[in-house]
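Reader: I am in my first year and still learning to read models like this one. Could you take me slowly through a single part, the place where the metal is held, and then show me how the rest of the chain is laid out?

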Amino acid sequence: MPSPNLTTPLLLVGGRLALDFANIPSYPGSPAEHLSWEELIVFLQASQIISAERGSSLLALSGSDPDAAQSLLSRSIRLRDALRKSFGAIVRKELIAREWTEPINQILRITEGHDEIVLEENTWKMEFKAREGGLDWLLAAIARSAAEIIVEGAQARLRICANPACGLFFSDKSRTRRRRWCSMAICGNRHKVASFARRHVS
Ligand SMILES: [Zn+2]
C-alpha cells in the first residue's frame, strides 16, 4: 500500500462524484478499508468540492480541533461503506437494504442548500450549492450524487472493474456499454499482459 501523501494522484475513474467517493482511498491496489484524514481532504480537493486554501486549513484541523476532524472522518467512512454496499447491490442487481441508505439520508437531512445552473465546458449543468455551516456540508454534494445514482438504478450503468483484485466502481458511459476496466492504463493493461504471458507459456 503506497503511503498516502498530497502528491500521489488519486484515481478518479468513477465518472460520478459518489462513485469516486465510494472508491477512496483509490490508489492502484486499493480500495482499502481504512481512510485517513489526509486522504479525505485530498479527495475533497481533487474532486473540486473544496479549494486548495480550504484544503490546507482543513488539514490543520486534525491538530487544532481533533474531535471535529474525527467526527467528520467517521461520518465519511460510514457514508463510503454504505455507498459501497448500495452500489455493489446495484451492480449485482440485488435490493438495496434500507439501512444502507440511512447515512445518505442523514447527510441530505442536515445539509441545507440549493441547486444552481453553472456553465461547464460550454454545457449547462445543475450543481448543488450547500449552505456553509459545520463540516457536514463537505459531504452534501456526495450524498446528493449517491441519492441520484440509487434513484437511477440500472440506468446509472454501474460497473465494478473486471480485475477481481481491483474492485473500483465506475459508470459505463461508453457508447458500446462494454467498458470493463476502471482504467485501461492500470487494470486493462495488466490483464492484457497477463493473458499474453499465459498464451506464450502454454
Ligand atoms: Zn481496476
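Author: Read along the sequence, the donor residues of the zinc ion follow the spacing C-x4-C-x15-C-x4-C. In this model, which is predicted, those protein donors are Cys161, Cys166, Cys182 and Cys187, each through its SG atom, and they lie 2.3 to 2.4 Å from the zinc ion. The angles among the four donor atoms run from 107 to 116°, and the site of the zinc ion is tetrahedral; as a point of reference, the ideal angle for four tetrahedral donors is 109.5 degrees.

It helps to pick out two of these donors and ask where in the chain they sit. The pair formed by cysteine 166 and cysteine 187 links distant parts of the chain, 21 residues apart: cysteine 166 belongs to the loop between β3 (158-160) and β4 (169-171), whereas cysteine 187 belongs to helix α7 (residues 184-201). Are these two cysteines buried or exposed? Cysteine 166 has a relative accessible area of 9%, and because buried means under 20%, cysteine 166 is counted as buried. Cysteine 187, at 3% relative accessibility, is buried as well.

Now to the chain around this site. The protein chain has seven helices and four strands, and from start to end their order is α-α-α-α-α-β-β-α-β-β-α. Of its 202 residues, 41% are buried. Among the contacts in the protein chain with a separation of 6 or more, 56% are between residues 24 or more positions apart.

One pair of helices can be followed in some detail. Helix α2 (residues 37-46) packs with helix α3 (residues 52-64) at an angle of about 165°, and their axes are 10 Å apart. Since angles over 145 degrees count as roughly antiparallel, α2 and α3 are therefore described as roughly antiparallel to each other, and their crossing is right-handed. On the α2 side the contact is made by Trp37, Glu38, Ile41 and Gln45, while α3 contributes Ala52, Gly55, Leu58, Leu59, Leu61 and Ser62.

A last residue to look at is serine 145, which is placed in helix α6 (residues 140-152). Serine 145 is buried, with a relative accessible area of 9%, and, leaving aside residues up to four places away in sequence, serine 145 touches Leu17 and Ala18.

Note on methods:
Residues are numbered from 1 along each chain as its sequence is written. This is a predicted model: local features need pLDDT of at least 70, side-chain atom pairs count only at pLDDT 80 or more; totals for chains, interfaces and linings use all residues. Side-chain values use heavy atoms; hydrogens and water are left out. Donors are N, O and S atoms within 2.8 Å of the metal (3.2 Å for Na, K and Ca); water is not among the atoms, so sites may look incomplete. Four donors count as tetrahedral if all angles lie between 85 and 135 degrees; four count as square planar and six as octahedral if opposite donors are over 155 degrees apart and all others between 65 and 115; anything else is irregular. Helices (H or I, at least four residues) and strands (E, at least two) are DSSP runs, numbered from the N terminus. Buried means under 20% relative accessible area, exposed over 50%, partly exposed in between (1.4 Å probe, protein chains only). Axes are lines fitted to C-alpha atoms, for helices over the stretch in contact, and angles run from 0 to 180 degrees between N-to-C directions. Angles under 35 degrees count as roughly parallel, over 145 as roughly antiparallel, 65 to 115 as roughly perpendicular and the rest as oblique. A crossing is left-handed if the near helix is turned anticlockwise from the far one by less than a right angle, and right-handed if clockwise. Contact means heavy atoms within 4.5 Å.
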